[in-house]
Amino acid sequence: MRLRKKPWIPQALEDYRGKELLEDDLEQYRGHWSDQVLGGRPVHLEIGCGKGQFLAAMSQLHPEIGYLGMETQREVCYYAVKKLREAEIPNARIIHADAAHLLEWFDPGEVDQIFLNFSDPWPKARHAKRRLTYRTFLAEYKKILKPGGHLRFKTDNDDL
């Protein structure tokens, strides 16, 4: 997802840091996402949450579940955290981070469900290792998922 550069977003995000937006010292939550961040709820993780539409809708439909949305583009995070605050959603947070470091932030078996919704397909063969469906990512998902946990994958790209 590409957005035009909006110079006011970095300053606007400061109001959300440490509340709806988590981006510093994520390793402090390793093994404790449920109790320290999500009020003891099961952990559902959306990787590549974009502007947070799916995350906000699911967290409102299922207040008994805790939702974490991970997004690499900080400016895109603004729209997601704004949705969470405006709707007063207590069971969801946005993580500004790169999914390549999941094992640093999540203990084995800590996540109940992972969602990959319309991820960037990285269509060129030389970019295959960047895809969130590449075998190294899938191996990491398997480690952080609880036994019997689910990976939910949606795409409109037939090749992916």
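A residue counts as buried when its relative accessible area is under 20%. The exercises below concern a predicted model.

**Exercise 1. Determine whether Cys 49 and Cys 77 form a disulfide, and state whether each is buried or exposed.**

Step 1. A disulfide is a covalent bond between the sulfur atoms of two cysteines.

Step 2. The cut-off for the sulfur pair is 2.5 Å. For Cys 49 the nearest cysteine sulfur belongs to Cys 77 and is 6.0 Å away. Cys 77, in turn, has the sulfur of Cys 49 as its nearest, at 6.0 Å.

Step 3. Neither residue is therefore in a disulfide, since 6.0 Å does not fall within 2.5 Å. A search of the whole structure likewise finds zero disulfides.

Step 4. Cys 77 has a relative accessible area of 0%, so this residue is buried. Cys 49, at 8% relative accessibility, also counts as buried.

**Exercise 2. Describe the order of elements in the chain and the extent of its burial.**

Step 1. The chain contains six helices and six strands. From the N terminus on, these elements run α-β-α-β-α-β-α-β-α-β-α-β.

Step 2. The chain has 160 residues, of which 43% count as buried. The exposed surface of the chain is about 9,000 Å², and carbon and sulfur atoms supply 49% of this area.

Step 3. Among contacts between residues at least 6 apart in sequence, 74% join residues at least 24 apart.

**Exercise 3. Establish how strand β2 is covered and how it pairs with β3.**

Step 1. In a regular strand the side chains alternate between the two faces of the sheet.

Step 2. On one side of β2 stand Val 43, Leu 45 and Ile 47, and on the other His 44 and Glu 46; all are buried. Five of the five residues of β2 are thus counted as buried.

Step 3. β2 pairs with β3 in the parallel sense, over five bridges. Within this pairing, Leu 45 stands opposite Leu 68 of β3.

**Exercise 4. Identify which residues have the most contacts inside the largest nonpolar core, and which elements supply it.**

Step 1. The largest nonpolar core has 26 residues. Those with the most contacts inside it are Trp 33, Leu 45, Ile 47, Leu 68, Met 70, Leu 102 and Phe 106.

Step 2. At least two residues of this core come from each of α2 (33–37), β2, β3, α5 (102–105), β5 (111–117) and α6 (135–144).

Step 3. Another core, of 20 residues, lies apart from it and includes Leu 55, Ala 56, Tyr 67 and Ala 80.

Step 4. Met 70 lies in strand β3 and is buried, with a relative accessible area of 1%. Beyond its neighbours within four places in sequence, Met 70 is in contact with residues including Leu 45, Ile 47, Cys 49, Ala 99, Leu 102 and Phe 106. Met 70 and Ala 99 are 29 residues apart in sequence, yet their C-alpha atoms are 7.4 Å apart.

**Exercise 5. Name the buried residues of helix α3 and the elements that cover them.**

Step 1. The buried residues of α3 (residues 53–61) are Leu 55, Ala 56, Met 58 and Ser 59.

Step 2. Their cover includes β2 (43–47), β3 (66–71), α4 (74–86) and β4 (92–96).

**Exercise 6. Locate Asp 112 and find the polar contact of its side chain.**

Step 1. Asp 112 is placed in strand β5.

Step 2. The side chains of Asp 112 and Lys 146 are joined by a polar contact of 3.3 Å.

Step 3. Leaving out residues up to four places away in sequence, Asp 112 touches Pro 42, Val 43, His 44, Leu 145, Lys 146, Gly 149 and His 150.

Note on methods
Residues are numbered from 1 along each chain as its sequence is written. This is a predicted model: local features need pLDDT of at least 70, side-chain atom pairs count only at pLDDT 80 or more; totals for chains, interfaces and linings use all residues. Side-chain values use heavy atoms; hydrogens and water are left out. Buried means under 20% relative accessible area, exposed over 50%, partly exposed in between (1.4 Å probe, protein chains only). Helices (H or I, at least four residues) and strands (E, at least two) are DSSP runs, numbered from the N terminus. Contact means heavy atoms within 4.5 Å. Accessible areas come from the Shrake-Rupley method with a 1.4 Å probe; for residues, only the protein chains shown count as cover. A nonpolar core is a set of buried Ala, Val, Leu, Ile, Met, Phe, Trp, Tyr and Cys residues joined through side-chain atoms within 4.5 Å. A polar contact is a pair of N or O atoms within 3.5 Å; within protein, one must be able to donate a hydrogen and the other to accept it, and residues adjacent in sequence count only if both atoms are side-chain atoms. Two strands pair if DSSP finds at least two bridges between them.
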